[in-house]
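User: I'd like to go through this model with you and ask what lies behind the labels. Could you show it to me?

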Amino acid sequence: MATTKIANWQYLSDYEQERQDVLEIVDRVFSSGRLMLGPEVENFEKHFAAFCGADHGVGVNSCTDALFLALKALGLGQGDEVLTVANTAVPTVAAIRAAGCRPVFVDVDADTFLMNPSKVEQLITSRIRCLLPVHLCGHPADMAPLQKIASDRGIPILEDCAQATGATYNGQKVGAIGTMGAFSFYPTKILGGFGDGGMVITSDDACAASLRRLRFYGMQDGYYAREEGYNSRLDEVQAALLDYRLQRVDEAVRRRREIARIYDQGLAGVGDLRLPVVREGCSHQYYLYTIRTNQRDRLQEFLGGQSIEARINYPVPIHLMDGYRFLGYQAGSLPVTEQLAGEILSLPMFPALGHGEALRVIDAIRAFFQR
């Protein structure tokens, strides 16, 4: 009898549970006569901003555009530099480049994989116009020292919250800590839709007004462009579905944390594994449960042979990718980032993952290290 594959992520079981509600929501929106930037978007923007603790939410078509438009709303462009990390998804840097800016990479903390504040100060120049920390895997970056650096220099912080919806740092939810926060509603995310989607949250009235214009060709009050703008809109049906799922997001995160506890307990002390950490004062949403081992490639291959899908997020840091060689970075320039890229492995993690499936992953990993 064939062994059932344990996927790294899947949504079909969730959809089966939600199917009737989802179809009713879709029918309601399609029957409303309004498909773009209507009441569903407005309601979701209001509810999501309140969930995060911000005054405004501006829905757009992806987190990439959320980052890009936030940078434009801050007035950044050609010649400006943005300090960020290289162990992130390409969209983080693609958004910086789309805004006409140059990314400057800082190394990360080995335990959390997040921007290392102690390395930031030495990279600050007059050209750095924004700090862009990435809340990777669902754990918040160390924001207090970054806020001090930004405040002392008079520069804004734009948070990349694509993987960390709802995570908290000293009691504050990510995205509402800096000047603006960018979120992803891609289907795999903590709060995922049934297609693409993103949002910028902020408590800065001027930034919110600019974002609303920028996402709609720079127009306001009719077909008059007050500034050069773009086309990036969250549609009504996705907003309605996301608003529905927002009501269940805390429950989904509780399940993610339960799975993380199962992994923590079952994998403690196994081989040379280093398990995810949670810094004091932080909450972890476990978008990814990422382990470290010097035997990463062999472990991944072994798990694949056991019909368990484990993924590498991300195998090559952006500063070493061919598409970004022009930035001038060389191997060895970000030593911790580069070391992590050879050791990290993300185990299956999604709310519908069964208890028995999590135990099967643990048993397989234990078997690998006992060989």
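Analyst: Happy to. Helices (H or I, at least four residues) and strands (E, at least two) are DSSP runs, numbered from the N terminus. By that naming, F30 belongs to helix α1 (residues 12–30). This is a predicted model: local features need pLDDT of at least 70, side-chain atom pairs count only at pLDDT 80 or more, while totals for chains, interfaces and linings use all residues. Residues are numbered from 1 along each chain as its sequence is written, and side-chain values use heavy atoms, with hydrogens and water left out.

User: Why is F30 called exposed?

Analyst: Exposed means over 50% relative accessible area, buried under 20%, and partly exposed in between (1.4 Å probe, protein chains only). F30 has 54% relative accessibility, so it counts as exposed.

User: And what makes L71 buried?

Analyst: The relative accessible area of L71 is 0%, so L71 is buried. L71 sits in helix α3 (residues 63–73). Its C-alpha is 9.8 Å from that of P156, with the two positions 85 residues apart in sequence.

User: What makes a cavity here, and how many are there?

Analyst: On a 1 Å grid over the protein atoms alone, a cavity is a set of points where a 1.4 Å probe fits but cannot get out; a pocket is an open set with protein on both sides within 12 Å along at least five of seven lines, and lining residues have an atom within 4 Å of a point. Grid points are joined across faces, edges and corners, and a volume is the space filled by probe spheres set on the points. By this rule there are 2 cavities of 30 Å³ or more. The largest has a volume of about 100 Å³, and the second largest holds about 80 Å³.

User: Which residues line the largest cavity?

Analyst: Among them are D111, F113, L136, C137 and H284. The lining of the largest cavity divides into 6 nonpolar, 4 polar and 1 charged. Here Ala, Val, Leu, Ile, Met, Phe, Trp, Tyr, Cys and Pro count as nonpolar, Asp, Glu, Lys and Arg as charged, and the others, Gly among them, as polar.

User: What about the largest pocket: what is its volume, and which residues are closest to its centre?

Analyst: The largest pocket has a volume of about 570 Å³. Of its 29 lining residues, Y186, T188, K189, Y287 and Y314 are closest to the centre. Helix α3 gives the most to this lining, with 3 residues.
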